[in-house]
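Open the model in your viewer and show cysteine side chains as sticks. This tour goes from one sulfur pair to the next.

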Amino acid sequence: MKRALGAALSCLLVLSSCAPNQPADEPRKAISYAVEEPITLHPGRQTIAFAQDMVLFSGLTFAGKDGAITFRNAESVTSTDAVRWTIKLRPRWTFHNGEPVTAKSYVKAWSAVAYGPNAWENSGQLANIAGYDALNPANGKPAATELSGLKIVDDLTFTVTLKSPDGQFPAQLSQAQTGFYPLPEAAYADPAAFAKNPIGNGPFRMTQPYRETEPMTVDRYDGYQGPQPSVDEITFKPYTDMNTAYTDVQAGATDILYVPNSRMGQVKKDFGDRAHVFQGLAISYLGLPLWDKRYQDIRVRQAISLAIDREAVSKAIFDGIWEPATALTPPAQPGTPRGLCGDLCTFDPVRARKLLAEAGGFSGTMEIRFPGGFGRDDLFNAYANQLRQNLGIKDVTAKPTADFPEFFELRTGAKLSGPYFARWGALYASQQNTLRAIYTRTGGCSNCVPDHDPAIAQLIAKADAQVDPQRAIAGYVDVQKAILKRFPAPPMFFEKNVFATSERIASLDEGAGLTLENTTLVR
Amino acid sequence: MTERGVWPTVRRRALFWLPVAVLAVLVLLAAFPGLFSSVDPRACDLSASARPPSSGHPFGQDLQGCDVYANVVYGARASLSIGLLSTLIALGIAVVVGTLAGYAGGWVDSVLGRLTDVFLAFPFLLGAIVVLNSLGRQSVLAVALVLAVFSWPVLARMVRTMVRASRDAEYVQAARAMGFPIRRILAHHVLPNAIGPVLALATLTVGGVIVAESTLTFLGLGLRTPSVSWGLQLATAQSRFQQAPHTLVYPGVFLAITVLSLITLGDVLRDAVNPKERS
């Protein structure tokens, strides 16, 4: 009785600690996530700190599980011609230091990300904004320091003028395109310090600066104006080897892990329903060296596609988790025409041999190359075995390079003589992202499919110009149909994002990548 | 009176014949793999991935659906040839360096001795990783060469000690007094008496080199597909050990038996040529 009275009294004295949404007896909901060493947390620079930046910051729009775009920090993003966009921000949003998030927070940040001499890694995401080229001259220092395509209308409104019409602009503003995040004034004085201790506008804030090799904990930000997260605290634990992280999650020492390829074959057995499979935005191709005469006959390329039993490969190597590709973009991108590839993406060794024979057979050896050290050896050895046995080519080998940079150099320089690794993980859920990356010359997936037909580029531009989502989708499907007629490279797999969780975790949520803040815990 | 010498000593020991028999079988495997397995090690059936032993596949099938037995049989060649080749190269270097140092003595001995120490002081695995990574191409010859570079110093030291011991022996002094050329003295009088213990040690080295090759291959630095080797089999099998233990166990057992035979043989030979060191 006395104690109850005491508790009631202390409630009266310190009102805030007894707020109804945070009962005193409920423990803090804390989760931990296994990550690679992020190096930098600066949203304009990061390339492997998506998980961290996506909870420290909030983008203008947000891509949900089905790829549907909703507004987050933006109240609206509108355009009538797909060239001039008006962005209205939601009121009362603040950075973690209390600074209000205004139109200027975005306009100044985007100019800094696009400014050539900064050489920030995510600069390319803004390449279609008018004035980008002036900030990135071929040589010398740019005369301008601001993107001419951005205009501040009032505190919460700004306009964006694009170089070419692009109806997918709202999707490009979603959470994984961190180059489009806003930055507070504090970011500019010392970018290096900001990269270790960023001040964002997202649901979580830093508790102390990030230090390499040490776990980093972020805390719920009470002033956050967006949807409330379901956890209070997230710890990012760095690992140099994700196989170690895998055993740590098995032991319950860490809560959530993105399962590496090398463990995918056993994750369902090890984790049961604690293995979570999401669609993801990545697609795997088997790139073909079109600069080599032997691969220039379309029948050879079709034969290669028909000779690989995708279903059996996925079953043996990835426990059936990867899905055989039947289109040129991953299914999580709205409107992806599943099944469009038709017969050519099925397994038909008889037809494969026939096509190869009609094309005059195959002379010499076939050396498949892929980057070593990424747990893909088994996959490419399976490709090699399938091609050797089902096409009757005597000498097919799969050879890893020492590391990714070596592979990248060989592919970019067109120095490969056989089929090779080609994969694109999209950052936003639109067919545009994958088609642009793989099938345009400056797309980013350099030489993944070395076929850059101007007619295809025109078709992509035509689809880009549609403001209406359904008409844009129809446009991208037309692009896919046109590419499949050329069949420059066989699509292989719709990859999946697989996560394993400890027994504490009840559910995970995914948008463009894991939406960590919506994780729920077992009660 | 019992006979003396290496051959009469070892030929009565079961511990000599057992490893010799095992090694003879392994050499046969390596030389004529077709005799032992009619299955092509690279004929793989993906639908039978990681299937445990069944009829027609006594050791089961690996992740790619290839016959594990055929791979073990064909893998013997890579492992044994690297072991032998590498040891031969190392032995060659060791004999030259060791004889020179031991017979000449003086500053030559000092310089060569320090050189040997430098190689001994270099961490083997680190050195091999650096060299193989910078080589890029990894053939049987390249791997053997790298392993030889790091295994000759121990042999060279042994050669030097033995040569030094027999340099001042009376029969060598006699030969020198008779005016024989140095080459003849070394070839006919010094080396034949010095080489026994070195050969015993070399046998041990073969075993060590085979293990080292597997280690390097396991780490992704040694042989690579399409080569067939035990190290490669172990490397691919390790991440799937829980689902398909047979893919790891069989090549592992063959590797262990080979190395054990070589070490036993080396021990027996060493005991025979140098009874003082017997433990």
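What follows is a walk through the disulfides of a predicted model. Over all chains, the structure holds three of them.

**Stop 1: chain A, the 341/345 pair**

Select A:C341 and A:C345. A disulfide joins them, with an S to S distance of 1.9 Å. Now look along the S-S bond. The torsion there is about 75°, so this disulfide is right-handed. Turn on the surface next: are these cysteines buried or exposed? Both A:C341 and A:C345 are buried.

**Stop 2: chain A, the 445/448 pair**

Move to A:C445 and A:C448. They form a disulfide, S to S 1.9 Å. Which hand does this link have? The torsion about the S-S bond of A:C445 and A:C448 is about -55°, so the link is left-handed. Check accessibility one residue at a time. A:C445 has a relative accessible area of 4% and is buried. A:C448 stands at 1% relative accessibility and also counts as buried. The cut-off for buried is under 20%.

**Stop 3: chain B, the 44/66 pair**

Switch to chain B and select B:C44 with B:C66. Their sulfur atoms lie 2.0 Å apart and form a disulfide. The angle about the S-S bond is 95°, making the link of B:C44 and B:C66 right-handed. Where do the two cysteines sit in chain B? Both B:C44 and B:C66 lie in the loop between α3 (33-36) and α4 (68-104), so the pair ties together parts that are 22 residues apart in sequence. Colour by accessibility to finish: B:C44 and B:C66 are both buried.

Notes: Residues are numbered from 1 along each chain as its sequence is written. Chains are lettered from A and ligands numbered from 1 in the order in which they are written. This is a predicted model: local features need pLDDT of at least 70, side-chain atom pairs count only at pLDDT 80 or more; totals for chains, interfaces and linings use all residues. Side-chain values use heavy atoms; hydrogens and water are left out. A disulfide is a pair of cysteine sulfur atoms within 2.5 Å. Buried means under 20% relative accessible area, exposed over 50%, partly exposed in between (1.4 Å probe, protein chains only). Helices (H or I, at least four residues) and strands (E, at least two) are DSSP runs, numbered from the N terminus.
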